[in-house]
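Student: Hi! I'd like to go through some side-chain contacts with you. Could you pull up the model?

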Amino acid sequence: MSFTDDDRPLKKPTHEIGVDLSLLSVDELKARIELLKAEIDRIEAEAARKASGRQAAENLFRS
């Protein structure tokens, strides 16, 4: 049984920092921008969560 392009599982979109962008289409570039924006949001949310936990711990030990 052979696989056609439609049968293959789709790879998750990724972006490698510093990769040559000249070969990508405008749609591919826009998709990467959205991917990176979502990743920034995820990282910021995690940083905020950790900062909140740290502040709570500092408040506990100050009392």
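Student: Thanks! What lies 2.7 Å from the backbone nitrogen of S25?
Tutor: A polar atom of the E28 side chain does. A polar contact is a pair of N or O atoms within 3.5 Å; within protein, one must be able to donate a hydrogen and the other to accept it, and residues adjacent in sequence count only if both atoms are side-chain atoms. Bear in mind that this is a predicted model: local features need pLDDT of at least 70, side-chain atom pairs count only at pLDDT 80 or more, and totals for chains, interfaces and linings use all residues. Residues are numbered from 1 along each chain as its sequence is written, and side-chain values use heavy atoms, with hydrogens and water left out.

Student: Where is E28 found?
Tutor: E28 is in helix α1, residues 26-62 (helices are DSSP runs of H or I, at least four residues, numbered from the N terminus).

Student: Is E28 buried or exposed?
Tutor: Partly exposed, at 39% relative accessible area (buried is under 20%, exposed over 50%, partly exposed in between, with a 1.4 Å probe and protein chains only).

Student: New topic: how many salt bridges are there in the whole structure?
Tutor: Two, counting a side-chain nitrogen of Lys or Arg within 4 Å of a carboxyl oxygen of Asp or Glu. R42 meets E39 at 2.8 Å, N to O, and R49 pairs with E46 at 2.6 Å.

Student: How far apart are R42 and E39 in helix α1?
Tutor: They are three residues apart, so about one helical turn separates them. R42 is exposed at 55%, while E39 is partly exposed at 32%.

Technical notes:
Helices (H or I, at least four residues) and strands (E, at least two) are DSSP runs, numbered from the N terminus.
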